[in-house]
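Reader: I should be grateful for a close examination of a single part of this model, set out as one connected account. Please start from one residue and its contacts, and then work outwards to the part that holds the residue and to the whole chain.

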Amino acid sequence: MRKMLTSAADFAWRVSRLVCLVAMIILTPVVFANIVLRFFWGYSLGWSSEVARYAFVWLTFMGTATALRDNSHAKIELIINLAPRTWQKYIKILACILIALLSLFLIISGILQTIKVWDVSAAYMRFLSMSWMYLAIPLSGLFMLIFMIENIVSLCQEGEKKLAREDIPCLLP
């Protein structure tokens, strides 16, 4: 089961990184072109802010999931360091459980919001449903949930064998 969980987490991590890359590839030239056009010719592309907004939303949510797996979020180490060594593992597990619960909230509320705006079209790009922007919420929540389940399993099996990764990517190390 652990191998399957790690494979799923690795796949989710690769997908989230790819989405971040694509979002940056879209976001950078669109915003740059709009700035140049507005500065030199006083003309603005109407659709550019909408495309930039979509790309930024996807970049933010997928980047959050990626950062969670990479253990690159800001951490509060004071609580861990003050706790007795025997409690530290349980505090980490509790932190992962809390993040998993937040991820469940993102999945459920994101799905509900995505369904709610299914028939709403984007302002400039009428062919595109607003649900595509909101889909980033439940998808990133799903990825974060997978990452946290992987962390909890790793923490629970920590005493049995050494972890493959040096750090457990929880908000509290």
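Author: Leaving aside residues up to four places away in sequence, A23 touches A55 and L59. The model is a predicted one, and the values that follow are computed from it. A23 belongs to helix 1, the part on which this account centres. With a relative accessible area of 5%, A23 falls under the 20% limit and is therefore buried. A23 is also placed at some remove from A95: 72 residues separate the two in sequence, and their C-alpha atoms are 30 Å apart in space.

Helix 1 itself covers residues 2-41. Its length can be checked against a simple expectation. At 1.5 Å a residue, the 40 residues of helix 1 should span 58 Å, and the C-alpha atoms at its ends are indeed 58 Å apart, so the two values agree. A23 has company in its burial, since L5, A9, A12, S16, C20, L27, V30 and N34 of helix 1 are buried as well. The cover over these buried residues includes helix 2 and helix 6.

The end of helix 1 presents another picture. W41 lies in this helix, yet its relative accessibility is 62%, above the 50% limit, and W41 therefore counts as exposed. From W41 to K92, 51 residues further along the chain, the separation between C-alpha atoms is 55 Å. Just after the helix, G42 adopts a positive phi of about 65°.

The two helices named as cover deserve attention as a pair. In general, two packed helices are described by the angle between their axes and by the distance between those axes. Helix 2 (residues 48-70) packs with helix 6 (residues 136-156) at an angle of about 0°, and their axes are 9 Å apart. This angle is under 35 degrees, which means that helix 2 counts as roughly parallel to helix 6. Helix 2 contributes V57, W58, F61, M62, T64, A65, L68 and R69 to the contact, while helix 6 contributes A136, I137, L139, S140, F143, M144, F147, M148 and E150. Sorted by class, the contact between helix 2 and helix 6 comprises 13 nonpolar, two polar and two charged residues.

Helix 2 can be put to the length check as well. Its 23 residues should span 33 Å at 1.5 Å a residue; the end C-alpha atoms are 31 Å apart, which agrees. Helix 2 is followed by N71, with a positive phi near 60°. Most residues other than glycine have a negative phi. N71 is a residue other than glycine, and its phi is nevertheless positive. It sits in the loop between helix 2 and helix 3 (78-82). Although N71 is a loop residue, its relative accessibility of 12% is under 20%, so N71 counts as buried.

A residue of helix 4 offers a further point of reference. K116 is placed in helix 4 (residues 85-116). Its relative accessible area is 63%, over the 50% limit, and K116 is therefore exposed. K116 and A83 stand 33 residues apart in sequence and 45 Å apart in space, taken from C-alpha to C-alpha.

It remains to set helix 1 within the whole protein. The secondary structure amounts to six helices and zero strands, and from the N terminus the elements follow the order α-α-α-α-α-α. The radius of gyration is 20 Å, well over the 16 Å that the globule rule gives for 173 residues, so the protein is more spread out than a compact globule. Along the principal axes, the C-alpha atoms fill a box of roughly 65 × 35 × 25 Å. Of the 173 residues, 40% count as buried, with A23 among those that are buried. Among the contacts with a separation of 6 or more, 74% come from residues 24 or more positions apart.

Notes
Residues are numbered from 1 along each chain as its sequence is written. This is a predicted model: local features need pLDDT of at least 70, side-chain atom pairs count only at pLDDT 80 or more; totals for chains, interfaces and linings use all residues. Side-chain values use heavy atoms; hydrogens and water are left out. Helices (H or I, at least four residues) and strands (E, at least two) are DSSP runs, numbered from the N terminus. Buried means under 20% relative accessible area, exposed over 50%, partly exposed in between (1.4 Å probe, protein chains only). Axes are lines fitted to C-alpha atoms, for helices over the stretch in contact, and angles run from 0 to 180 degrees between N-to-C directions. Angles under 35 degrees count as roughly parallel, over 145 as roughly antiparallel, 65 to 115 as roughly perpendicular and the rest as oblique. Contact means heavy atoms within 4.5 Å. Ala, Val, Leu, Ile, Met, Phe, Trp, Tyr, Cys and Pro count as nonpolar, Asp, Glu, Lys and Arg as charged, and the others, Gly among them, as polar. The expected span of a helix is 1.5 Å times one less than its number of residues. The radius of gyration is taken over C-alpha atoms; the globule rule is 2.2 Å times the number of residues to the power 0.38.
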